[in-house]
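Thank you for asking me to look over this entry before it goes further. My remarks are set out as numbered points, meant for someone who is meeting the structure here.

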Amino acid sequence: LQQMDHEDATGQYEINYRFDDALAAADRYQLFKLTAHAVAQQHGSVFSCMPKPLAGAPGSGLHFHLSLTDAQGRAVMADATGPMGLSAAGLQFAAGLLEHADALAALCAPTVNSYKRLAVSESASGTTWSPVWKAIGDNNRTCVLRSVAGRLEWRLPDPSCNVYAALAATLAAGLDGIDRELPAPAACEEDLYQRHARGEPMPPRLPRDLHDALAALQADAILCDDLGPAFCEQFLQLKRAEWDAYAGQVSDWELARYADGF
């Protein structure tokens, strides 16, 4: 554990870990979650990784800081002279993430509530920095992908995800960008929330709900093949059942808006 600090919302904290190999990093994250749940329960409190527990406050993400090294430990993504501080391989990896972003949403943001976070919304602080649009920028937190110090911050995942599946899918998508030598994405240098407020054309946005994300995953043959058809089939079946259960509910918002309106 490197750092803890209070975040924007009530009772919201940011936890930062030292980098490690993907599997070790996932194990440490999972250990933290299990420990936090247990300790909170002992004190009569609740530790929650719900992506958007408060409608008027920022949601909680699980940002992946990604870098690649070769067998000699040299950084593969970084190039101080390259666009956004990235090498050709780093830019291709980024292109892979953006190309597969819709399908990745199903695994990185796998609950109905996840898409309450991935929305253009306001908070008490005035901004959420929630990733809504498929774009990359140098230290630009309004994009789903941020380049920083020669690495990539993938801002799509939230802590409701299966971190092992989400990391595997993220790496598969990025490596596909390298394998196919996808063209480098253009850098976004402006605040996309301000651009949206001005009513100007926007980059493509991420799926609006779990239903659309699941459809994107099913349609992404490359990602499904990399993750394994059996896994994807089971995942889609379970998550479609979750969506159907949600779609059948009648919320307080609906009752307040429609019950006596017709």
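Which residues line the second largest pocket?

1. The model is a predicted one, and the remarks below should be read with that in mind. The lining of the second largest pocket is made up of Lys-116, Tyr-246, Ala-247, Gln-249, Ser-251, Trp-253 and Glu-254. Two elements, helix 9 (229-247) and helix 10 (252-258), give two or more residues to this lining. The volume of the pocket is about 220 Å³, and its lining divides by class into three nonpolar, two polar and two charged residues.

2. The largest nonpolar core holds 52 residues, and the members that touch the most others are Leu-104, Leu-145, Trp-154, Leu-156 and Leu-217. Another core, of seven residues, lies apart from it and includes Val-132, Trp-133, Cys-143 and Tyr-193. To see what surrounds one member of the largest core, take Leu-104: once its neighbours within four places in sequence are set aside, its contacts are Leu-97, Ala-109, Trp-154, Leu-156, Ala-169, Thr-170, Ala-173 and Leu-223.

3. Strand 5 (143-148) deserves a careful look, because six of its six residues are buried, so that the strand is largely enclosed by the rest of the structure. On one side of the pairing scheme, strand 4 and strand 5 run parallel and are joined by four bridges, with Trp-133 standing opposite Cys-143. Strand 5 and strand 6, by contrast, run antiparallel, and four bridges join them; here Leu-145 stands opposite Trp-154. Both residues of that last pair are among the core members with the most contacts to other members, as noted above.

4. Two residues other than glycine call for a check of their backbone angles. Asn-139, in the loop between strand 4 (133-138) and strand 5 (143-148), has a positive phi near 55 degrees, and its relative accessibility of 44% makes it partly exposed. Ala-149 lies in the loop between strand 5 and strand 6 (151-154) and also has a positive phi, of about 55 degrees. The hairpin of these two strands has two residues between the strands, and Ala-149 counts as exposed, at 72% relative accessibility.

5. A further hairpin is found where strand 1 (residues 3-6) and strand 2 (residues 13-16) run antiparallel, joined by four bridges. His-6 has Tyr-13 as its bridge partner in strand 2. Six residues lie between the strands of this hairpin, and one of its residues, Gly-11, takes a positive phi near 70 degrees.

6. Is Arg-195 buried or exposed? Arg-195, which has its place in helix 6 (residues 192-197), is buried, because its relative accessible area is 18% and the cut-off for a buried residue is under 20%. Leaving out neighbours within four places in sequence, Arg-195 is in contact with Glu-190, Glu-200, Pro-201, Met-202 and Pro-203.

7. Finally, Asp-79 sits in the loop between strand 3 (64-66) and helix 2 (88-99), and with a relative accessible area of 29% it is partly exposed. When residues up to four places away in sequence are not counted, Asp-79 touches Gly-85, Leu-86 and Ser-87. The C-alpha atoms of Asp-79 and Ala-89 are 9.7 Å apart in space, while the two residues are 10 residues apart in sequence.

Note on methods:
Residues are numbered from 1 along each chain as its sequence is written. This is a predicted model: local features need pLDDT of at least 70, side-chain atom pairs count only at pLDDT 80 or more; totals for chains, interfaces and linings use all residues. Side-chain values use heavy atoms; hydrogens and water are left out. A nonpolar core is a set of buried Ala, Val, Leu, Ile, Met, Phe, Trp, Tyr and Cys residues joined through side-chain atoms within 4.5 Å. Buried means under 20% relative accessible area, exposed over 50%, partly exposed in between (1.4 Å probe, protein chains only). Contact means heavy atoms within 4.5 Å. Two strands pair if DSSP finds at least two bridges between them. On a 1 Å grid over the protein atoms alone, a cavity is a set of points where a 1.4 Å probe fits but cannot get out, and a pocket is an open set with protein on both sides within 12 Å along at least five of seven lines; lining residues have an atom within 4 Å of a point. Grid points are joined across faces, edges and corners, and a volume is the space filled by probe spheres set on the points. Ala, Val, Leu, Ile, Met, Phe, Trp, Tyr, Cys and Pro count as nonpolar, Asp, Glu, Lys and Arg as charged, and the others, Gly among them, as polar.
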